[in-house]
Amino acid sequence: MRKKQAKKQAANKIQLIAEVEMTGQIIIPVGDAVAVVRQNNRLFFECTRCSNDYGDISIGDPKMNAIMREKSISEVNPWNKYGKADQFVVREYYCPKCGIMISANMQKKDEPLMMDMELSKL
Ligand SMILES: [Zn+2]
């Protein structure tokens with residue numbers, strides 16, 4: 001039963017991706033919400049839902065041009081209030097055009113943004 005559900009979910013995911021009209025050729029999917037796309041010899045990060053252009057891959061991570069929301073770890077789970085909630089935050093990143101979440105990280109408050117990836121030459 002679980003295998004059937006997993007297969008159905010995978011099929012839905014593929015269908016969802018196929019419905020999106022990307023502006024160029026997808027080179028590398030980066031999770032479900034972002035892909036590296038090539039168009040006219042330009043490589044850039046693009047939203048898989050709305051085709052928002054996050055910028056050239058030289059920015060390193062599409063989070064650099066996403067909208068960030070920072071919230072307390074207690075908002076994520078009330079049990080976190082018993083931990084070191086004053087020292088940690090959750091940073092969520094969203095597409096500025098359609099609002100889909102592209103990433104989330106839990107970090108110490110004073111840490112710089114956590115880069116999930118860094119692409120070099122393709
Ligand atoms: Zn988008």
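User: Which residues does Ile-102 touch, not counting residues up to four places away in sequence?

Analyst: Good place to start! This is a predicted model, where local features need pLDDT of at least 70, side-chain atom pairs count only at pLDDT 80 or more, and totals for chains, interfaces and linings use all residues. Residues are numbered from 1 along each chain as its sequence is written. Two residues are in contact if their C-beta atoms, placed from the backbone, lie within 7 Å. Leaving out residues up to four places away in sequence, Ile-102 touches Gly-31, Ala-33, Val-34, Pro-62, Ala-66, Tyr-93, Tyr-94 and Cys-95.

User: Which element gives the largest share of the largest nonpolar core?

Analyst: A nonpolar core is a set of buried Ala, Val, Leu, Ile, Met, Phe, Trp, Tyr and Cys residues joined through C-beta atoms within 7 Å; buried means that 20 or more other C-beta atoms lie within 10 Å of a residue's own, exposed means 12 or fewer, and partly exposed is in between, with C-beta atoms placed from the backbone. The largest core has 15 residues, of which Val-34, Val-36, Phe-45 and Ile-102 touch the most other members. Two or more residues come from each of E2 and E3. The largest share, 4 residues, comes from E2.

User: Which strands stand at the edges of the open sheet?

Analyst: Strands are DSSP runs (E, at least two residues), numbered from the N terminus, and two of them pair if DSSP finds at least two bridges between them. Here 4 strands form an open sheet with antiparallel pairing, in the order E1-E2-E3-E4. One side of each edge strand is left without a neighbour in the sheet, because each has a single partner strand: these are E1 (25-30) and E4 (53-56).

User: Which residue in E4 stands opposite Glu-46?

Analyst: Strand E3 (residues 42-47) and E4 run antiparallel, joined by 3 bridges. Opposite Glu-46, in E4, stands Asp-53.

User: How many of the 6 residues of strand E5 are buried?

Analyst: E5 is joined to strand E6 (residues 88-94) by 6 bridges, and the two run antiparallel. In this pair, Lys-71 stands opposite Val-90 in E6. Strand E5 (residues 67-72) lies largely in the open, because the number of its residues that are buried is 0.

User: Is Asn-41 buried or exposed?

Analyst: Asn-41 is found in the loop between strand E2 (34-39) and E3. Its phi is positive, about 65°, although Asn-41 is not a glycine. Most residues other than glycine have a negative phi. With 6 C-beta neighbours inside 10 Å, Asn-41 counts as exposed.
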